[in-house]
Amino acid sequence: MAKEKTYDPNVPEKLSDALAVSQLALLANFQTMFSAFSRNHVALDSTDFGNHTIIELFEQLNAIETNVNEISIYTKFVKDQTEQVFFRYPGNGTEFQFTNYQIYTAKKNQFFTTLPGGFLCYFGSFKRFTPSAKVTKFNLDLLPVALKKICSIALCPTELIDANIAGGKTLNASTNPSAYPNDPTNGFISSINISRKLKLVGGNSPVTVPACNYFIIGKV
Amino acid sequence: MSFNPNIPQITDPLLQSGKQIRANFQAIAQAWAVNHIPLTSDPSNQGMHTVLSMRPLTVDPTTSASQVALYCKAVSSIPQLFYRPNSNQDPIQMTYESINNDGSDRQYSFVAGPFVIYSGYIPNATNGMNVILTPNTNLIYVNLTLTSPKANTKNLVMQVATPINITANSFTISFDGLNTPSTQFGTYYTAVGI
């Protein structure tokens, strides 16, 4: 493959030159254009010329300006991540991060995806948890550990379990577990505490947590 | 400076054509520098992009069997990003007109469709509380999860929060199994609107 050349917009340099003199410079510019156009675009000598094949976006340092009737898509570096795609609304409107994070291997039965704006969604299922005298809490790990704030938690039990409690009474099976985020470690929330407690006068009684589906949205 | 596709003319003297050719080369360099790595920069990066600035199309582009299209089209006069699968399948709107990721208790984002995804926390939700979500959409899914429910000491039925009266962008929180109707609970909500 021929070595790629740099385009020179100021040729022919001397208008008085004969064509034989300018020809090499003209040819070099045409070849450079052809070569450049062949990257990210269908080649100029193809029947589909004018279309793109791929969009490779170079990192930008600042938000790109947009006209009132225009949107912009570009990439910027995001701390603790890598270059990510950004979107800016018309008229120099709000800029937001369109893509998020890298894809990691999730735990079995736990998946995650991203939402525009720097949100992560974790979803999946967990099995029944029966508390013991030593282990009364069930911590649902959130991988990757990236959240700085939990926006919402949705739990949906997939089984009905009556819970025996003190005094020979039974907690109704329709009881849903409760959930709240554990304290952050190094600024990141790594797990959710899930429990099913009967709060009565005289103390809390942890009872079996039914198997659940969950959907958690957080902000990185 | 604008590009002239009709030079050089066969009958033009070289002195005239040379000027025109140079003007065209300069016009190409200027045009290429918009959205692309300039032609005059490092040759190994030529052809790549710096940004995609997209102006709205008035009609959806056609796509062949081996082609997809990303483009911009106005929805209610606001430009949005669209994706059209191959073979002229139905276009999909990829963006929504706004987003709220300010770190407050009530935020929203979106997924392709577009569907607006609401997520938030109401620290002191009460039975019968009416919740209005912004932006205004038609809610098609609402889930409520309590952070720390309590049981009714009489019938041992645990507190459950149910979204009722879902209308447009609002719903009402209903607490079942209440011991005392005035009790307040921390409540997470997840909702989807269209």
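**Exercise 1. Find which side chains meet in the salt bridge of E159(A), and work out where the two partners sit.**

Step 1. In this predicted model, E159(A) and R128(A) bring their side chains together in a salt bridge, 2.8 Å from N to O.

Step 2. Now place the two ends. E159(A) is in the loop between β8 (149-157) and β9 (163-165) of chain A, while R128(A) is in the loop between β6 (119-126) and β7 (138-141) of chain A. They are 31 residues apart, and the pair links distant parts of the chain.

Step 3. Check the surroundings of the arginine. R128(A) has a relative accessible area of 48%, so the residue is partly exposed.

**Exercise 2. Do the same for K73(B): what is its salt-bridge partner?**

Step 1. The partner is D60(B), with the closest N and O atoms 2.9 Å apart.

Step 2. K73(B) belongs to strand β2 of chain B, and D60(B) to the loop between β1 and β2 of chain B. With their positions 13 residues apart, this pair too links distant parts of the chain.

Step 3. D60(B) has a relative accessible area of 25%, so this aspartate counts as partly exposed.

**Exercise 3. Count the salt bridges, then pick out those that cross from chain B to chain A.**

Step 1. Start with the total: a search of the whole structure gives five salt bridges over all chains.

Step 2. Across the interface of chain B and chain A, the rule finds two.

Step 3. One of these is E70(A) with R55(B), whose closest N and O atoms are 2.6 Å apart. E70(A) is in the loop between β1 (59-60) and β2 of chain A, and R55(B) is in the loop between β1 and β2 (69-75) of chain B, so the pair joins two chains. E70(A) has 7% relative accessibility and so counts as buried.

Step 4. D105(B) also forms a salt bridge, with K149(A), and here the closest N and O atoms are 3.5 Å apart.

**Exercise 4. Describe the interface: how many residues does each chain put in, and how much area is buried?**

Step 1. Chain B brings 71 residues to the contact and chain A brings 75.

Step 2. Together they bury about 6,000 Å², with 64% of that on carbon and sulfur atoms.

Step 3. Add the polar part: 25 residue pairs are in polar contact between chain B and chain A, both residues at pLDDT 80 or more.

Step 4. Look at what chain B uses. Elements that each supply at least two residues to its side include α1 (14-32), β6 (115-126) and β11 (184-193). α1(B) gives the most, with 11 residues.

Step 5. Sort that side by class, and you get 35 nonpolar, 30 polar and six charged residues.

**Exercise 5. Which strand of chain A pairs with β1(B), and in what sense?**

Step 1. The strand is β2 (residues 71-77) of chain A, and the pairing is antiparallel over three bridges.

Step 2. For a specific bridge, take I71(A): its partner in β1(B) is M54(B).

**Exercise 6. Is A36(A) buried or exposed, and which residues does it touch?**

Step 1. A36(A) is part of helix α1 (residues 19-38) of chain A.

Step 2. The relative accessibility of A36(A) is 1%; buried means under 20%, so A36(A) is buried.

Step 3. Leaving out residues up to four places away in sequence, A36(A) touches H41(A) along with W32(B), L39(B), Q46(B) and G47(B).

Step 4. Finally, compare sequence with space: A36(A) and Y7(A) are 29 residues apart in sequence, with their C-alpha atoms 9.6 Å apart.

Notes. Residues numbered from 1 in each chain as written. Chains lettered and ligands numbered in written order. Predicted model: local features only at pLDDT ≥ 70, side-chain atom pairs only at ≥ 80, totals over all residues. Heavy atoms only, no water. Contact = heavy atoms within 4.5 Å. Buried area = accessible area lost by both parts, 1.4 Å probe. Salt bridge = Lys/Arg side-chain N within 4 Å of Asp/Glu carboxyl O. Polar contact = N/O pair within 3.5 Å; in protein donor to acceptor, adjacent residues only side chain to side chain. Helix = DSSP H or I, 4+ residues; strand = E, 2+ residues; numbered from the N terminus. Nonpolar A, V, L, I, M, F, W, Y, C, P; charged D, E, K, R; others polar. Pairing = 2+ DSSP bridges. Buried < 20%, exposed > 50% of the residue type's maximum accessible area, 1.4 Å probe, protein only.
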